[in-house]
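Reader: Please take one part of this chain and look at it closely, setting it against the chain as a whole. I would like the cut-offs stated as you go.

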Amino acid sequence: MDLLKFSKKLWSVRKQLIVLLTPLLLLPLLFVLPAKEGKCLYVVLLMAFFWCTEALPLAVTAMLPVCLFPTMGILPSKKVCPQYFLETNFLFLSGLVMASAIEEWGLHKRIALKVLKIVGVKPAWLILGMMLTSSFLSMWLSNTATTAMMLPIANAILESLFGDLETLKENAKVKNDPEGQSQVKLHVLPSEKHTLTGDDRADGMERGDQRNPEEVRKEAEYQLKVWKGFLICIPYAASIGGTATLTGTAPNLILIGQMKSYFPECDLINFGSWFIFAFPLMIIFLFVAWIWISFLYGGLNTRLCINKHDDRAAAEAKARAVIDEDYKKLGPINFAEGSISFFFILFAILLFTRDPKFVTGWSIFFNKGYVSDAVTGVIIVSILFFFPSQRPSLCWWFNPRASNTPYVPLLSWKRVQECVPWNIILLLGGGFAMAKGCEESGLAAWIGGHLQPLAQVPPAVAVILITAFIACFTEFASNTATIIIFLPVIAELAIRVKVNPLYFMIPATIGCSYAFMLPVSTPPNSIAFASGHLMVKDMVKTGFMMNILGIVCVSLAMNTWGLHMFTLHTYPDWARPLNSTVPMSTVAPFNVTM
């Protein structure tokens, strides 16, 4: 009993113990490795352990390079501190500010309901509608905000389709009567009492449900499965959608930042070129994920294409009415929503067309290298802070009786302060500082030298292994922390085996967003799990196959259109060290049937 109490005490102070003991346990690194490389590895492993255990807040751990790099002689502070607000951080900030404006005026909800009106209310089509909407929104909003907004909409639709969740669970427990004689009088849709008229309710009460208990149980089990499919598809689609744009998720921006640090001559990746590569990948993965989730949770059946007039058809009609009613409540698009829509579209078009690589972009009208995606983003979002949210009127100036209403812009700084996750910006900066330290100290080269045996692995196989490893690791750690830790190592590995660094770094970046198996893997997973209807085994069962499908899709993308877009079959000049005479190496096209 005393041992149990002591164990509980240790558990209650585990974070403090990790913070105190980890630096002591890592001390031998300072003595067994070369001086500068050992010191940098000490800091990297310390940060990695703190990030994985969350012994300190992620943002606080991200600031450790400011303290440790200068004091340990790894990097002077004048080189460390600027890493925390590079142009990549400004691009990320502009995306977050635009997302705040969209949320402020409810444009995201209008988009969601409109898509659901279009796709219809059959379970499989609704799951597809939920996934399309969630993925599109998460391209611009945070994955967490998208999931938090979509789940209440999903629950309202589900209650219209199937009734109250607790009643469904009770019906699913009904056992078949041994005599087979008893009849149950249950409402197919308990929630109809909120929407039907009194006469309809009376008729429904008289008709009742004449199915036997086993039929009731099977129908309830089917409805519970579909309910789970609805809940689980939203966070998964949000994670997939975030990979399609540079601003959709933090790891994409970390890739850009570290590419600029390691390979300053490389200008292949920007908002437009990334979108051209990642958007088709997102669509393919979203489609196969929809097939898998619909198959697993009962959405794929003959009702997908055939209309039937039965109890389920009545429930679907009720769900359609709920969606229509919610959409009507939004009213017509007002001036603020229209303005936000315009600036949102302008934001996306300007970022996409600045320098899309396959055609000449508008950046040629400025000095070469002066205008970046960050400049474009900040220009657009700055306008939101003074553009009016009400339609301007000349009559107001000449009407002395008109009330002097206060001027309200589309977005206020107070709203931005509340909505923008500043900790993520610090986390990005910590990743860039860590990468700079690894580069300057020679740690990346030292690690790369020990990875030389991996040169024997075919590059196409290495892509699969890297994506699988990162996808598994990120199940237990923050995806941002994961890519910060491993991207420098992967870059050095590519240089050592003479493969285009993008061929390894892009799959790793996308793979770290494919965390589907555990509730703790991502905040969207946690939000869906917190609904109380999903179990860990549901997420593991669904997420395991999702990870496999994601790895296959990434490998397909890298070895087909990605190979030609980024010229991945050759070792580029921008990846060569100065005065290098390394011969040209090629990557064989991926030609393996999977």
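Author: Residues 24 or more positions apart account for 79% of the contacts (heavy atoms within 4.5 Å) in the chain with a separation of 6 or more. The model is a predicted one, in which local features need pLDDT of at least 70 and side-chain atom pairs count only at pLDDT 80 or more, while totals for chains, interfaces and linings use all residues. Residues are numbered from 1 along each chain as its sequence is written, and side-chain values use heavy atoms, with hydrogens and water left out.

The chain has 29 helices and zero strands, where helices (H or I, at least four residues) and strands (E, at least two) are DSSP runs numbered from the N terminus. Of its 594 residues, 50% are buried, a term for under 20% relative accessible area, with exposed meaning over 50% and partly exposed in between (1.4 Å probe, protein chains only). About 27,900 Å² of the chain is exposed, and carbon and sulfur atoms supply 65% of that area, as computed by the Shrake-Rupley method with a 1.4 Å probe.

The part chosen for the close look is the nonpolar core, meaning a set of buried Ala, Val, Leu, Ile, Met, Phe, Trp, Tyr and Cys residues joined through side-chain atoms within 4.5 Å. The largest such core has 165 residues, and those with the most contacts inside it are Met130, Phe263, Phe504 and Ile506. Helix α16 (residues 271-296) gives the most to this core, with 14 residues. Leaving aside residues up to four places away in sequence, Phe504 touches Pro459, Ala462, Val463, Ile466, Ile490, Leu493, Ala494, Val497 and Val499.

Asparagine 479 offers a polar counterpart to this picture, in helix α25 (residues 479-496). Asparagine 479 is buried, at a relative accessible area of 18%, and its side chain makes a polar contact with the side chain of threonine 480 at 3.3 Å; such a contact is a pair of N or O atoms within 3.5 Å, where within protein one must be able to donate a hydrogen and the other to accept it, and residues adjacent in sequence count only if both atoms are side-chain atoms. Beyond four places in sequence, asparagine 479 touches Thr249, Pro251, Thr474, Cys512 and Ser513.

As for cysteines, the count of disulfides (pairs of cysteine sulfur atoms within 2.5 Å) is zero. The sulfur of cysteine 438, a buried residue at 6% relative accessibility, is 4.2 Å from the closest cysteine sulfur, in cysteine 40, which is too far for a bond.
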